[in-house]
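Here is a structure to walk through together. Have a look at it before reading on.

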Amino acid sequence: MLPAEASRVADAIDLVWLIAILPLAAAVVNGVLGRRWLGKWTGGVATVALGISAALGVAVLFETIGLGHEAKRIVTLYEWIGVGDFHVPVAALVDPLSATMVTVVTVVSFLIHVYSNGYMAHDRGVHRFFTWLPLFVFFMLVLVLADNYVLMFVGWEGVGLCSYLLIGFWFERPEPYVAAKKAFVMNRIGDWGFTIGMILTFFTFGSVRFGEVFPKVAEVHGVDPTMLTVIALAFFLGATGKSAQLPLYSWLPDAMEGPTPVSALIHAATMVTAGVYLVARSTALFAAAGPALLVVAIVGAATAVFAATIAIVQFDIKRVMAYSTVSQLGYMFLALGVGAPIAAIFHLATHAFFKALLFLGSGSVIHATEEQDMRRMGGLRRKLPITYWTMLLAGGALAAIPPLAGFWSKDEIVGAAFTNGYPILSGIGVLTGLLTAFYVTRALYMTFHGEPRDHHLYEHAHESPAVMTIPLLLLAAGSVLAGVVLGFPPEGGFVHRFLEPAVAVEGAAQHAEPELVAILGLAATSVAAGLIGIVLGLAMYGRRRPDPAAVSRAAGPVYTLLRNKYYVDELYDHRFVELMRAAFGAAWAFDIHIIDGIVNRLGWVAGLVGGGIRRAQTGVVGNYALSIAAGLVLLIAVYGGYAMGVLRR
Amino acid sequence: MLDVIEPILFGVLALAIVGAAAGVVLADRVTTSALLMAFTFLNMAGMFVLLGAETIAAFQVLIYVGAITVLILYGVMFTPQAPRAYGLFFQKQTPAGALIAALAGLPVMVIAFAFRDTANIPPRGGDLVPLASSIFTDFAFPFEVASVLLLAAMVGAIVLVKREERGSGSAGPNDTTSPEHSRAKPVIGRARE
Amino acid sequence: MTTLVPLGAFIALSAALFFIGMAGVLVRRNAVVILMCVELMLNAANLALVAFSRRLGLIDERGSVFVVFVFVIAAAEVAVGLAIVLALYRNRPTVDVDEVREMKG
Amino acid sequence: MAPGPFGIDPTIWAALRLLIAVVLALFLILNGALLLIYLERKVQAAMQDRVGPYHVGPWGLLQTFADALKLIAKEDFRAGQTDAAFFIAAPALVFTPMLASLVVLPFGPSIVGADLNIGLLYLATLGSMGVLGIVIAGWASNNKYSLVGGLRSAAQLISYEVPGILSLVTAVLVTGSLSMVKITETQPGPFTNIFIIPLAFATYFIAALAETNRTPFDLPEAESELVAGYLTEYSGMRWGTMLALTEYGNVTVVCGIMATLWFGGWNGSGIDSGPITGPLLGLLWFTLKTYAFILVFMWVRATLPRLRIDQLMTFCWKVLIPLTLLNLAVTATLLIAFPDTRVPVAIANWLLLGAFLVGIPMLQERRLRRIRERLRAATRHAVAAG
């Protein structure tokens, strides 16, 4: 507790640490007692804990809103590392940005926990699941609430670990743990970037605390811009790893091997947005480092369109969602890049809702049909009405159909890109919007409409239990309303007024006054693009003209390229991996021959010395006692000498 | 006439203590030593009474005579003292030990007499309340630690003495005395070759 | 009321007892006897403590408190020590400390 | 130190009182022992529907005197291999503490040898000293029965000291003093400690039975297993000292402690009726209470069978000590919580006592059932094996 706040009466913000501790407690309880005693009840434990922390999260959010513009408070628990001038307190930074993130994380997590109670009910490892999922939430909250890079890194690694554990949850089958390994390794590359950025930050600014770093950035002739750029790019590398951007995106689609709630929570709503959060949090840094921002924007845009094109041709419903996630994250980075962090966070929030909903919906479909391949589905809307309608809403939101949530946020990104002077990027955004609308239509149509292609499957399909559908409905409400409530009117909505102080930095070009015409034009364009995409999708998959098969045949090589995801995985495997092998081989040889060699020599010397000394160890207790007594006599002699003045100090 | 009682008591007790202690060291049979030790402790309790520490005296008898001596007698009786073919003392280090003890002891005893002043004594048994209060207030934490120590000692003693049923390898001594114990210093052994 | 015996007498007695015990520890080869001698040394320490706490006339019996702790230590020591002796005796029928030198370096 | 009456120098007065107390105690013990033995035999006889001693003197009153004479007149015999010094020292070692412990027993108002303000601690201390003599006796008579008996007895006494002392401490917590006289004075009314801490009384009663080697805890001299335990090699007046005097003296002492701590000691009607009659009445009350408990001891002896050594230890370490510890903790907590009323303590204690009386038999029942099942399974297995 900072001295300034010592006098203030405690309130929700002072309890903010509790939000993070509760999931941890749940994880510990389930981890210790789960296997033997709790069993199925672990779900209950975790859900209750998450419920409480979600309530607290909302409370914190409202309180932060109440605080208005000076809403920035640091709740220090204790000092974790204090070495010289390197201080790492365990402290929570509560400001609009983190409050928003906390709310999104806790609420979505809570809903997904509720959902998981139904989804994982029949799984043998349910206690493992409910140990790691709350643990993940804990680390995510640490990441979000951290007031310095080191603590943030703790959460960063923690969520990586949990995602590894949860992707490989069904480790009996080969694919999951291969995917888990892949995700972990790729995240490691990103984490390496993060580490570099952290170290450089400390050496440059002499601190890792946001509150101390950013002001130093702001002052004009503080540090040389190249260093800033390096730091920013290093952090951005970490962001690409965690948020599955080019070139480190390819683990995310494979991560779909995990249970669907995991995909929804970790790989759609929360963890993958950590990168976005990192960049948004470091807005001051990035804004000061000009070229870095451009890189961010370009990478984001490229990822967006790239992933969208792949998503078009996937047949696994979850993989479609995965690539869509990648491309939406691309949007967010685009927004960050063009200097509209608020839009990015806004899109993050809305996306969290509707993408989680899409995943949970597809999860409910999978739960109903034991099938992920859309080619064997179809006509399911009669069987799964709730799932169908909720997913339809979410799809609309994803396709940016007004007035659904996605429209507002995505429109703002495109608009920001345009008004801030990146017309090409905003064009790419619009194009991506078209593609997005197309593949989401395709996915929904193939799943729910048309004639059932697999009657056996169709017969056995059944609507999910209430414990799974209720979260769907709540999320649907979220993905319908979030946009209007937060983002209306555009560029001046509540979210802007709220987030303004958190990300405001001079030099960030987000105050370019947009004129109404441009806004409306852009909105119209993106909506038009979305509608085109939808119409196209309906045309192709609804009444088969043009017939998708024909189209794919027509665009043969392109189609194969897309089907194989641009051969990125193969590229990685063949080039990089071999390269790494060679390098590490050399390192290994060095370690064995030089390092170990030295250690062995030293050990040998120690052995010689010991061999000499050990003669003193006669093994007879009496002798030892004798030596002790001799020491005592010496002691007495010395003190006696002092006492009698024979010796003097 | 009461003025002589106390020095006389002190003298008697002191003689008894020193004599019995010497007996403990020199006695041929272990049981004798044990009993003499108990006797020493009893006289020491008398010393404490003389110093006006009745509570301590009571504890002294309770613990040393009542518990420790009996325990030691147990030890004596569970380890039958086989008739020795050799002497009572170490061959080599006995003179050295005695010499060291004397060297250290005599000057200390001489110096000790530097304390000329006399001890002031609370009314009889008056040390009970202050003792208790200071143990449970200022020394509460050491007290707890001591209790933990006792617990640890109890468990350790039980584990050490317990015969291991069906190889629940709890008895440490097997390891210290087993012949393959020489494996325990491989590095040095190899380094010497 | 004060003792008529000078404090030094008590201290000297305690020293004598202590060094007798030490001599015993040094010269005897029987483990049990060595334990007893250690007890003697501890007890000598007790006497010194009580005597000094008397001399300083502390009202809260600091010295006696430490005596109580010494009791605890003594009890623990004798319990564990005897346990070791018994365990040792079980493996080789001797209680003479100089016949046990497996720890010889 | 209070100035003595009749203008005697206080120290001398204290010495005088000590002398009086010792004489009184010796008298009480020596005659008391004879009386008690007679009483025991009579009571046992009555309970077993026999007549008991009736030849010597009216109703056989002089029987035990005759026995004492016989013991004294016996030859001072010592078996060959015994260890003379220890063998002779042992009876003294057990007899002395018992005698010394009579010093602090408050027989009546101003009939106390010495009112130490650590009196109870003193008693516990002396109680623990007796063990030494028994071990020595067992060891010195160089006889395996004696040795085993001595070791058993020592183990038993040391083990049962713990619950005994813990129970005493509970009582001390309630009365707030270690001085026997003060303890007596704190409970003048009819509502003595027994109504406040009955559980402590029960536990102490059991522990006292064990500490005095009375049935059902008289394992050390279990004829059926080890002839007469540590007494095997003893005969004549040594045996008399050891068994008759010491054992019955100890019984008297513990019963006196019980009477003092839980039943108000000398308190009774008319103890302040005068400088002479008051003390005498107090003495009367104290003696009555004490002998009541002694009779209970005899009753127990006539009723209960002897335990097995492992049952003895199990009961002490797994039942009695945890119970007393719990009781102590609860009492202390409640005393701290409600410093000015004893009612919560009383309630808690009665509840615990009820739990004890109900729970122990149930646990025992369960254990027995489990053992029977195991046996049955074992036999079945054996049969199956062929």
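We'll start with chain C, then turn to its contact with chain B, and end with the cores.

First, some housekeeping: this is a predicted model, where local features need pLDDT of at least 70, side-chain atom pairs count only at pLDDT 80 or more, and totals for chains, interfaces and linings use all residues. Residues are numbered from 1 along each chain as its sequence is written, while chains are lettered from A and ligands numbered from 1 in the order in which they are written.

Chain C has 3 helices and 1 strand (DSSP runs, H or I of at least four residues for helices and E of at least two for strands, numbered from the N terminus). Along the sequence they run β-α-α-α. Of its 105 residues, 64% are buried (20 or more other C-beta atoms within 10 Å of the residue's own, with C-beta atoms placed from the backbone).

Chain C also meets chain B: 72 residues from chain C and 82 residues from chain B take part in the contact (C-beta atoms, placed from the backbone, within 7 Å). On the chain C side, α3(C) gives the largest share, 23 residues.

Now for the largest nonpolar core (buried Ala, Val, Leu, Ile, Met, Phe, Trp, Tyr and Cys residues joined through C-beta atoms within 7 Å), which has 211 residues. Helix α15 of chain A (residues 341-369) gives the most to this core, 17 residues. A second, separate core has 195 residues, including C:Leu88 and D:Leu34.

Note on methods
Buried ≥ 20, exposed ≤ 12 C-beta atoms within 10 Å, placed from the backbone. Contact = placed C-beta atoms within 7 Å.
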